[in-house]
Amino acid sequence: AVDGSGRLNYPVYEGYGNHDVDNTTHSYTLDGIRERNLIRPGITHLSENGLNYSWDWQGVHFVNLNIYPGMNERSAYSLEFLEEDLRDYVGDSNRPVVLMHHFGFDGFSLDWWSDLERQAYADVIDGYNIVGIFHGHLHTTLKYQWNGYDVFNGSSAHNGNFLVVRIQGDQMDVASREGDQ
């Protein structure tokens with residue numbers, strides 16, 4: 001359940017990827033996300049299109065940018081949302097920020113968004129306390145750096161793979177579970 005009342009005892013914050021938007025003229029997935037975002041607990045900022053959102057959890061600011069932080073319809077104008085969100089909800093507080101989107105900065109993901117889009121993203125987040133960027137897209141687990149930021153790719157959940165993140169004080173621990181490992 002979106003509110004954490006289901007089998008998973010935590011609220012669920014979902015995003016969409018390329019399979020949800022690239023292979024169809026209408027996405028029922030996006031319609032569903034828009035509906036769930038209206039009842040998703042704790043959202044502090046929701047984009048006008050109902051897709052991008054942020055929330056605060058125990059002093060950490062989280063931002064879901066869906067497919068990737070960009071300035072077009074495909075990306076749901078998420079970069080503009082991010083810039084506004086960081087300015088209005090983080091400001092100069094130096095609060096830790098976690099960013100999430102589908103495409104990453106690995107070799108395969110680079111084919112899906114341009115150098116100019118990635119540079120615009122880097123410009124928007126510069127100066128904020130970004131403690132982690134999480135993405136999907138690949139069906140493998142990775143940890144690497146992009147522009148000095150720690151980046152984590154969570155593998156494909158359909159095989160029982162997922163990341164577990166714990167943030168305490170100024171420390172963030174990330175562990176991966178893959179299958180039964």
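What is the volume of the largest pocket? I began my notebook with this, and I wrote down a value of about 1800 Å³ for the largest pocket. I also noted at the start that I am looking at a predicted model.

**Entry 1: the pocket**

I looked up which residues line this pocket, and of the 44 that do, the closest to its centre are Tyr13, Met100, Phe134, Leu163 and Val165. I then asked which helices and strands supply at least two residues of the lining. I found helix H1 (18–21) on that list, together with strands S2 (53–57), S3 (60–64), S4 (97–101), S5 (130–135) and S8 (162–168). The largest share comes from S8, which I noted as giving 6 residues to the lining. Sorting the lining by residue kind, I wrote down 22 nonpolar, 19 polar and 3 charged residues.

**Entry 2: Asp85**

I turned next to Asp85, which I located in helix H3, spanning residues 78–89. Is Asp85 buried or exposed? I recorded a relative accessibility of 0% for Asp85, and because buried means under 20%, this residue counts as buried. When I set aside residues up to four places away in sequence, I found Asp85 touching His45, Ser54, His61, Val63 and Val90. I looked at one of these, His61, with some care: 24 residues separate Asp85 and His61 in sequence, while their C-alpha atoms are 9.9 Å apart in space. Their side chains are joined by a polar contact of 2.5 Å.

**Entry 3: helix H4 and Arg118**

I moved on to helix H4, which runs over residues 115–125 and holds Arg118. Arg118 has a relative accessibility of 8%, so I entered this residue as buried. Apart from its neighbours within four places in sequence, I saw that Arg118 is in contact with Phe105, Leu110, Trp113 and Trp146.

Which residues of H4 are buried? I listed Glu117, Arg118, Tyr121, Ala122, Val124 and Ile125. I could then place them on the same side of H4, because they cover an arc of only 160° around the axis. On the other side of the helix I found Asp115 and Leu116, which are exposed. I also checked what covers the buried residues of H4, and the cover includes H3, S4 and S5, as well as strand S6 (142–146) and strand S7 (149–153). Just after H4, I came to Gly127, which takes a positive phi of about 95°.

**Entry 4: helix H2**

I made a similar search in helix H2, residues 28–37, where I found Leu30, Gly32, Ile33 and Asn37 to be buried. Looking down the axis of H2, I noted that its buried residues fall within an arc of 160°, so they line one face of the helix. The face turned away from the buried side carries Tyr28 and Glu35, both of which I entered as exposed. Among the elements that cover the buried residues of H2, I wrote down H1, strand S1 (43–46) and S2.

**Entry 5: positive phi outside glycine**

I kept a separate page for Gln58, which is not a glycine but has a positive phi of about 50°. Where is Gln58 found? I traced Gln58 to the loop between S2 and S3, and its relative accessible area of 74% means that it is exposed. On the same page I put Asn147, which also has a positive phi of about 50° although it is not a glycine. Asn147 lies in the loop between S6 and S7.

**Entry 6: Asp3**

My last entry concerns Asp3, which I located in the segment before H1. With a relative accessibility of 47%, Asp3 counts as partly exposed, because that class covers values between buried, under 20%, and exposed, over 50%. Leaving aside its neighbours within four places in sequence, I found Asp3 in contact with Pro11 and Pro41. I also looked up the separation of Asp3 from Tyr13, and I wrote down 10 residues in sequence and 9.3 Å in space, C-alpha to C-alpha. What joins the side chains of Asp3 and Ser5? I recorded a polar contact of 2.7 Å between these side chains.

Key:
Residues are numbered from 1 along each chain as its sequence is written. This is a predicted model: local features need pLDDT of at least 70, side-chain atom pairs count only at pLDDT 80 or more; totals for chains, interfaces and linings use all residues. Side-chain values use heavy atoms; hydrogens and water are left out. On a 1 Å grid over the protein atoms alone, a cavity is a set of points where a 1.4 Å probe fits but cannot get out, and a pocket is an open set with protein on both sides within 12 Å along at least five of seven lines; lining residues have an atom within 4 Å of a point. Grid points are joined across faces, edges and corners, and a volume is the space filled by probe spheres set on the points. Helices (H or I, at least four residues) and strands (E, at least two) are DSSP runs, numbered from the N terminus. Ala, Val, Leu, Ile, Met, Phe, Trp, Tyr, Cys and Pro count as nonpolar, Asp, Glu, Lys and Arg as charged, and the others, Gly among them, as polar. Buried means under 20% relative accessible area, exposed over 50%, partly exposed in between (1.4 Å probe, protein chains only). Contact means heavy atoms within 4.5 Å. A polar contact is a pair of N or O atoms within 3.5 Å; within protein, one must be able to donate a hydrogen and the other to accept it, and residues adjacent in sequence count only if both atoms are side-chain atoms. The arc is that of the directions from the helix axis to the C-beta atoms.
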